[in-house]
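Welcome, and thanks for taking a look at this model with us. Please keep the viewer open as you read.

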Amino acid sequence: MARPVNAGRIAAYVLFFALGAVIGAAGALVQGGWFPGGLLLALLGAAGLFYGGSRATGTRAGAVAPAAGWLVAVMLLTATRPEGDFLLGAGVGSYAFLLGGMVVAVMCATLGQRPQPGGPTARLGK
């Protein structure tokens, strides 16, 4: 059953979107600086935020909001500027960061929410 949308939930989604943008920008800097450890650190940070957003809000949209912020930040950092500068270059680490972050976002958004225990502790049929 869908959970009702209220002001607190919308504020949480906005906060997670902003945190996703921060994690995306920080990950773009870290993955190139300390390859391959920085890549793993960036992807683990993104995974923690995406899964944490899902668990904190109790909805899949809680994982989609930071993933959207991450994607916006990373796409803005891949675009070239008129001066020719860009942050994410064409390399194995950059592509692994882009594709790995998208895979992690999809995994966290599609993980099923576990039902809360509330029934009897005995097995059925006894």
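The report below goes from the overall fold to the helices and then to two single residues.

This is a predicted model, in which local features need pLDDT of at least 70 and side-chain atom pairs count only at pLDDT 80 or more, while totals for chains, interfaces and linings use all residues. Residues are numbered from 1 along each chain as its sequence is written, and side-chain values use heavy atoms, leaving out hydrogens and water.

**Overall fold**

The protein has four helices and zero strands, and from the N terminus on its elements run α-α-α-α. Helices here are DSSP runs (H or I, at least four residues), strands are E runs of at least two, and both are numbered from the N terminus. Of the 126 residues in the protein, 32% are buried; buried means under 20% relative accessible area, exposed means over 50%, and partly exposed lies in between (1.4 Å probe, protein chains only). About 8,000 Å² is exposed by the protein, with carbon and sulfur atoms supplying 71% of it; these areas come from the Shrake-Rupley method with a 1.4 Å probe. A contact means heavy atoms within 4.5 Å. Among contacts between residues at least 6 apart in sequence, 72% join residues at least 24 apart.

**Helix lengths**

The table sets computed spans beside expected ones, where the expected span is 1.5 Å times one less than the number of residues.

| Helix | Residues in helix | End-to-end C-alpha distance | Expected span |
|---|---|---|---|
| α1 | 27 residues | 39 Å | 39 Å |
| α3 | 18 residues | 25 Å | 26 Å |
| α4 | 19 residues | 27 Å | 27 Å |

**The α1 and α2 pair**

Two packed helices are described by the angle between their axes and the distance between the axes. Helix α1 (residues 7-33) packs with helix α2 (residues 37-57) at an angle of about 175°, and their axes are 9 Å apart. The two are therefore roughly antiparallel to each other, a label for angles over 145 degrees. Residues of α1 in this contact include Tyr13, Phe16, Leu19 and Ile23, and those of α2 include Leu39, Leu41 and Leu49. By class, the contact holds twelve nonpolar, eight polar and one charged residues. Nonpolar covers Ala, Val, Leu, Ile, Met, Phe, Trp, Tyr, Cys and Pro, charged covers Asp, Glu, Lys and Arg, and the others, Gly among them, are polar.

**Buried faces**

In α1 the buried residues are Arg9, Tyr13, Phe16, Gly20, Gly24, Gly27, Ala28 and Gln31, and they pack against α2, α3 and α4. Buried residues of α3 include Pro66, Ala67, Trp70 and Val74, with α1, α2 and α4 among what covers the buried residues of this helix. In α4, Phe97, Leu98, Val104 and Cys108 are among the buried residues; the buried residues of α4 pack against α1, α2 and α3.

**Two residues up close**

Val104 lies in helix α4 (residues 92-110). With 15% relative accessibility, Val104 counts as buried. Leaving aside residues up to four places away in sequence, Val104 touches Ala46, Ala47 and Phe50. The C-alpha atoms of Val104 and Ala67 are separated by 9.0 Å, although the two residues are 37 residues apart along the chain.

Gly91 lies in the loop between α3 and α4. Its relative accessible area is 26%, so Gly91 is partly exposed. Along the chain Gly91 and Gly32 are 59 residues apart, and their C-alpha atoms are separated by 9.4 Å.

Definitions and conventions
Axes are lines fitted to C-alpha atoms, for helices over the stretch in contact, and angles run from 0 to 180 degrees between N-to-C directions. Angles under 35 degrees count as roughly parallel, over 145 as roughly antiparallel, 65 to 115 as roughly perpendicular and the rest as oblique.
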